[in-house]
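Please open the model in your viewer, with side chains available as sticks, and follow the stops below in order. At each stop there is something to select and a short account of what is found there.

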Amino acid sequence: MDAKLEKALNRLRRILPLKERQEECSKPIRDLHQHVLRSFVTRGRILAREEMAQRVSNLEDAINVLRDSELMVFSEEGMPVGAYPFTMEAREHKVWVNSHQVYAMCALDALAVSPMFGMKTCIASRCRITGDPVNIQQSGKTIENPDEAGDIHLGIAWGAADADACCADSLCMEMMYLRDGNIARHWLAEDVGSREIFTLPEAVEFAAEFFVPLTH
C-alpha cells in the first residue's frame, strides 16, 4: 500500500475505528455483528431484533454495545437500521449482490462489498457534481467494466466528520463518486485543506483494507 492510501486509512480509522471496536466486543456480540453484515448479502436486509435475539443471551445489552461502538446504527425507536458498509435507508449508492439490491452508506462502502464477501457486485450511483450515472461492476478488487466505469474518482470531504454526530449521518454523506479526473480535481481545488480524491483502483484498495477485516 502506498503512503497516500496508508495515510487515508489511518485517518478513517481514527474517525471510525470499526475493527478495533469489534475486537473489544465479547465473542457473542462480535459474532452477532458479523451475522448482521452477512444478512445483507444472504437476505438482502438487516437482521430484525427478533433474529438478533436468537444469537445473544441479552439483546438489549448487545444493542447497547453495538450502538455505543457505532458498529451498528439504530433508529430512535431502537430498530436496527444499518451496519457499515450497509444501510436500510434509501441512499444514492445501490449495490446488487447475490441477487439482492441493498444500499451502501457511502461511495467508499459500496466498493467494499465485493471484496468483503467474495461475491460479484454491481454498483449504481451518480456523480455528486454532474448527476451523471455511475455504474461499476466489481469482482473482489477487480473492476470488470473498466471501459464503462472510465475515470471515476472517489471524493472525501474529511471536514464533514463530526465527533458529535454518527458517522453515517456526517462523513458518510460526503464520500462521493465524481465522474472523472477533471471534475474531481476541480472539486478538490475548492477546498484542498479538507478534501481528498482517489482514483477508482485506489478507492477499491482503500475500501477493502478498511472493511474486509470486519468479516474475520
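## The salt-bridge network

Begin by selecting E92, R126, R128 and E174, which are linked in a network of salt bridges. The model is a predicted one, and a search of the whole structure finds 15 salt bridges in it. Within the network, focus on R126 and E92, whose side chains meet in a salt bridge with an N to O distance of 3.6 Å. This pair links distant parts of the chain, with R126 in strand β6 (residues 120-126) and E92 in the loop between β3 (86-87) and β4 (94-97), 34 residues apart. Both ends are partly exposed: R126 has a relative accessible area of 34%, and E92 has one of 25%.

## Two further salt bridges

Next, select D132 and R179, which form a salt bridge whose closest N and O atoms are 2.8 Å apart. Because D132 lies in the loop between β6 and β7 (133-139) and R179 in the loop between β10 (175-178) and α8 (181-189), the pair ties together parts that are 47 residues apart in sequence. D132 is partly exposed at a relative accessible area of 27%, and R179 is likewise partly exposed, at 36%.

Then move to R43 and E51, where the two side chains meet in a salt bridge at 3.9 Å, N to O. R43 is partly exposed, with a relative accessible area of 38%.

## Helix α5 and its surroundings

Select residues 59-68, which make up helix α5, and highlight its buried residues, L59, A62, I63 and L66. If you turn the view to look down the axis of α5, these buried residues fall within an arc of 100 degrees, so they line one face of the helix. To see what covers them, add α3 (27-42), α4 (49-53) and β1 (73-74), which are among the covering elements.

At the start of α5, zoom in on N58, a side-chain oxygen of which reaches to within 3.2 Å of the backbone nitrogen of E60. At the other end, α5 is followed by E70, whose phi is positive, near 65 degrees.

While α3 is displayed, pick out R30, which lies in that helix and is partly exposed, with a relative accessible area of 22%. Leaving aside residues up to four places away in sequence, R30 touches Q22, E23 and C25. A C-alpha to C-alpha distance drawn from R30 to R67 gives 13 Å, for residues that are 37 apart in sequence.

## Helix α8

Now select α8, in which G181, I183, A184 and W187 are buried. Seen down the axis of α8, the buried residues fall within an arc of 160 degrees, so they line one face of the helix. Rotate to the face turned away from that buried side, and you will find the exposed residues N182, H186 and A189. The elements that cover the buried residues of α8 include β9 (153-157), β10 and β11 (195-199).

The N-terminal end of α8 is capped by D180, a side-chain oxygen of which lies 3.1 Å from the backbone nitrogen of N182.

## A pair of cysteines

How many disulfides does a search of the whole structure find? The search finds 0. Select C106, which is in no disulfide and whose nearest cysteine sulfur, that of C172, is 4.4 Å away. The cut-off for a disulfide is a sulfur pair within 2.5 Å, so this pair does not count as one. C106 counts as buried at 0% relative accessibility, and C172 also counts as buried, at 5%.

## Backbone features to finish

Most residues other than glycine have a negative phi, and most peptide bonds are trans. With that in mind, select Y84 and P85, between which the peptide bond is cis, with omega near 15 degrees. P85 is found in the loop between β2 (80-83) and β3.

For the last stop, go to the loop between β4 and β5 (100-104), where N98 lies. N98 has a positive phi of about 55 degrees although it is not a glycine, and this residue is partly exposed, with a relative accessible area of 38%. S99, found in the loop between β4 and β5, has a phi near 70 degrees, again a positive value in a residue other than glycine. Is S99 buried or exposed? S99 is exposed, with a relative accessible area of 79%.

Definitions and conventions:
Residues numbered from 1 in each chain as written. Predicted model: local features only at pLDDT ≥ 70, side-chain atom pairs only at ≥ 80, totals over all residues. Heavy atoms only, no water. Salt bridge = Lys/Arg side-chain N within 4 Å of Asp/Glu carboxyl O. Buried < 20%, exposed > 50% of the residue type's maximum accessible area, 1.4 Å probe, protein only. Helix = DSSP H or I, 4+ residues; strand = E, 2+ residues; numbered from the N terminus. Arc of directions from axis to C-beta. Contact = heavy atoms within 4.5 Å. Polar contact = N/O pair within 3.5 Å; in protein donor to acceptor, adjacent residues only side chain to side chain.
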